[in-house]
Amino acid sequence: MIDSPQAARSLQAHSLSCERGDRELIRDLNLEIKPGKLVLVEGSNGSGKTTLLRTLCGLRTPGAGRITWCGEDIRHFRSEYHAELNYIGHLPGIKDDLSAIENLQIGCQLQTMHADIDLMDVLDKVGLFGFEELPCRTLSAGQRRRVALARLWAIKAPLWILDEPFNAIDKKGVELLLGLLESHINNKGLVVLTTHQHLDIGEGRLQRLNLNEHRAQQA
Amino acid sequence: MMRAAFILLRRDLLLAFRHRTELVNPLLFFLIVVSLFALSMEPDPRVLATIGPGVIWVAALLAAMLSLDSIFRADFEDGTLEQLMLTPHSAALLALTKVLAHWLVSGLPLMLMSPLLALLMNLPIEALPALLATLAVGTPVLSLIGAIGVALTVALRRSGVLLSLLVLPLYIPVLIFGSSAVGDAAAGIPYSGALLLISALLVLTLTLAPFAIAAALRISLE
Amino acid sequence: MWVWFHKLGSPRYFWGFSQKLMPWLIMACCLAFLIGLPWALVFSPADYQQGETVRIMYIHVPAAMMSMMIYVVMASAGAVNLIWRIKLAELVAAASAPIGASFTLLALITGSLWGKPMWGTWWAWDARLTSELILLFLYLGFIALYNAIEDRRSAGRAAAILALVGVVNIPIIHYSVEWWFTLHQGPTTQGMRVGGSIDPSMRYPLFTMMIAFNLFYVMTLIKRTRTLVLQQERNSGWVREMVGSR
């Protein structure tokens with residue numbers, strides 16, 4: 001873990017460019033995300049939202065530029081960085097043959113930085129009461145999404161990178177997640193997310209990033 | 001660190017257990033290939049005994065490779081692989097753990113079944129210890145090398161034939177040392193030289209392959 | 001040195017640099033073949049045992065040497081690409097693979113042609129020929145993997161890992177095949193060895209041919225790499241400018 005005061009925890013991108021295939025999607029992006037801020041990544045389809053999020057996680061290598069967490073390049077401090085990161089992508093990241101509780105348990109144990117809370121309570125909170133022991137194969141798409149999202153309650157990491165977290169969940173789930181995002185920001189957490197959902201979070205804390213403005217020049 | 005490896009190992013074994021009917025498939029494949037060889041020539045016990053070591057080793061090699069194809073695929077498709085790569089643990093250690101879990105449910109049964117095949121191929125009883133010993137140190141090498149190939153091709157939709165093209169040439173040393181050790185044992189010649197060479201290969205792949213697998217997985221996840 | 005390394009690594013610089021180098025290379029390569037080919041195939045003495053068939057050696061041995069050397073070049077370029085992420089290194093590796101595979105095939109064919117009068121059969125599972133065959137498989141695997149992955153950069157890095165795994169394995173494979181060969185065949189075909197005790201009248205034409213093959217490799221490599229550079233940089237400013245100005 002990196003020893004630094006909470007305030008110094010910030011995610012920065014320095015003249016970052018992202019490529020997919022041999023096409024450059026994003027060029028020369030400078031970004032700083034401070035604690036207590038939520039960055040909403042916007043842009044038309046194919047503008048590189050997912051590519052950017054995966055690059056910020058360290059799953060993709062940037063075409064140029066670098067990404068720093070607490071001032072350190074994430075490529076050199078991979079494990080320290082990942083210990084403070086919670087990523088939820090398009091794929092659910094859960095095993096269909098394990099039950100909801102098994103999935104959550106293994107996910108937390110592998111991440112090591114888990115809060116000492118009862119995981120059954122967490123599943124209860126995300127509305128999976130009574131479904132904890134069923135194999136995830138038998139759950140609906142929305143319920144499986146909730147199993148994946150339960151990580152956010154269970155694993156206490158300051159940085160959240162969420163790719164379309166509101167997909168497939170119902171109105172009640174959206175409200176629940178919005179509440180969680182808000183309390184995470186209030187606790188000096190950092191959030192980067194993409195969504196088409198309207199976010200009702202105070203403008204002072206919401207930072208918009210429109211990728212259409214950072215599009216690489218293509219003829 | 002080791003705790004994470006242990007948790008992952010337990011998870012993979014649990015998943016394998018929930019799909020236990022599929023575990024038999026590579027074993028059946030192993031059995032069928034060996035029978036095919038026997039059926040494709042006259043069943044003269046002497047002929048069978050001469051080609052036996054080679055046939056059993058080739059069949060073991062193919063069975064190991066085919067069963068490997070699944071080692072990272074399911075995790076890749078449901079997103080647990082990317083979550084694993086985002087945990088604070090060394091990717092090489094996690095990769096090694098997954099290979100170990102896979103070997104326990106595929107390589108080990110293969111090895112345990114080999115005496116039955118030795119019987120079918122008319123191998124003398126003296127060759128059995130050599131067969132078991134070479135498979136015991138050889139199949140982990142096959143799993144480790146094969147996992148590199150699988151990690152490189154996991155993002156491709158159809159990778160079966162490509163995987164064999166990548167991996168089979170690299171299997172040749174194990175095949176040569178393994179089958180000749182068994183052949184020597186059948187002829188009553190000491191075989192420790194070949195066995196030690198396979199062990200050396202195991203040490204080499206154990207140290208290097210996990211890093212290659214981890215790097216390959218990173219590329220496949222991009 | 002380091003600055004130069006990075007400068008040469010930039011595709012644009014490489015384009016200009018190689019353009020100036022190319023005519024000299026072509027000339028040197030032609031010269032080497034003009035001297036080497038007649039010397040080796042006509043003027044050098046015939047072997048007292050093998051007669052005229054020994055002349056196959058002047059193609060076979062350099063081709064076999066190139067096949068191994070190019071794999072090492074490919075793996076080194078792959079390592080440079082993996083470590084320093086130099087795009088040009090990836091292209092050098094990708095451009096080397098088909099050339100290396102061709103040299104391997106040439107070594108296999110000439111070896112087989114040589115084998116017919118020597119052993120009376122086209123293919124004898126001779127240790128070195130078998131190693132060459134496996135090397136060909138490794139080359140084909142590299143090419144197949146590089147072409148199978150759509151994302152060019154991922155393809156280059158995945159293939160680089162494969163080449164590195166291969167380069168660790170080649171000595172092991174070679175040794176194991178040699179071991180297997182002596183175990184089963186015995187020293188019956190050892191007469192074909194091209195050892196250190198080769199007569200100067202044969203050694204010098206052989207050296208000339210080796211130099212010629214090397215120059216040919218470097219020439220084709222640069223030519224192929226230039227094509228790949230154009231292809232990959234087709235969207236960048238300098239290529240558009242250059243194509244536009246024609």
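Which residue in β5(A) is the bridge partner of A:Thr68? In this predicted model, in which local features need pLDDT of at least 70, side-chain atom pairs count only at pLDDT 80 or more, and totals for chains, interfaces and linings use all residues, the partner of A:Thr68 in β5(A) is A:Asp73. Residues are numbered from 1 along each chain as its sequence is written, while chains are lettered from A and ligands numbered from 1 in the order in which they are written.

The bridge of A:Thr68 belongs to the antiparallel pairing of β4(A) with strand β5 (residues 72-73) of chain A, which extends over two bridges; helices (H or I, at least four residues) and strands (E, at least two) are DSSP runs numbered from the N terminus, and two strands pair if DSSP finds at least two bridges between them. The hairpin of β4(A) and β5(A) has two residues between the strands, and A:Cys70 takes a positive phi near 55 degrees there. Strand β4 (residues 64-69) of chain A also pairs with strand β1 (residues 11-20) of chain A, in the antiparallel sense and over five bridges, with A:Ala64 in β4(A) as the bridge partner of A:Ser17.

Chain A further contains an open sheet of five strands, paired in parallel in the order β6-β7-β8-β3-β9. The edge strands, each pairing on one side only, are β6 (85-88) and β9 (206-210) of chain A, and neighbouring strands of the sheet are turned against each other by 15 degrees on average, direction ignored; angles run from 0 to 180 degrees between N-to-C directions, and axes are lines fitted to C-alpha atoms, for helices over the stretch in contact. Helix α1 (residues 49-57) of chain A packs on this sheet and touches β3, β6, β7 (159-163) and β8 (190-194) of chain A, its direction making about 150 degrees with that of β7(A). Strand β3 (residues 37-42) of chain A pairs with β9(A) in the parallel sense over five bridges, and A:Leu40 stands opposite A:Arg208 in β9(A).

Helix α6 (residues 171-186) of chain A lies across β3, β7 and β8 of chain A and runs at about 145 degrees to β8(A). A:Glu182 has its place in helix α6 of chain A and is partly exposed, with 17 other C-beta atoms within 10 Å; on this count, 20 or more such atoms make a residue buried, 12 or fewer exposed, and numbers in between partly exposed, with C-beta atoms placed from the backbone.

Two helix pairs were also examined. Helix α3 (residues 100-111) and helix α5 (residues 141-154) of chain A pack at an angle of about 45 degrees, with their axes 10 Å apart, and are therefore oblique to each other. Helix α7 (residues 127-153) and helix α8 (residues 160-186) of chain B pack at about 170 degrees with axes 9 Å apart, and are therefore roughly antiparallel. Angles under 35 degrees count as roughly parallel, over 145 as roughly antiparallel, 65 to 115 as roughly perpendicular and the rest as oblique.

Between chains, 25 residues of chain C are in contact with 19 residues of chain B, contact requiring that the C-beta atoms of two residues, placed from the backbone, lie within 7 Å. On the side of chain C that touches chain B, α5 (127-148) and α6 (152-184) of chain C each supply at least two residues, and α6(C) gives the most, with 15 residues.
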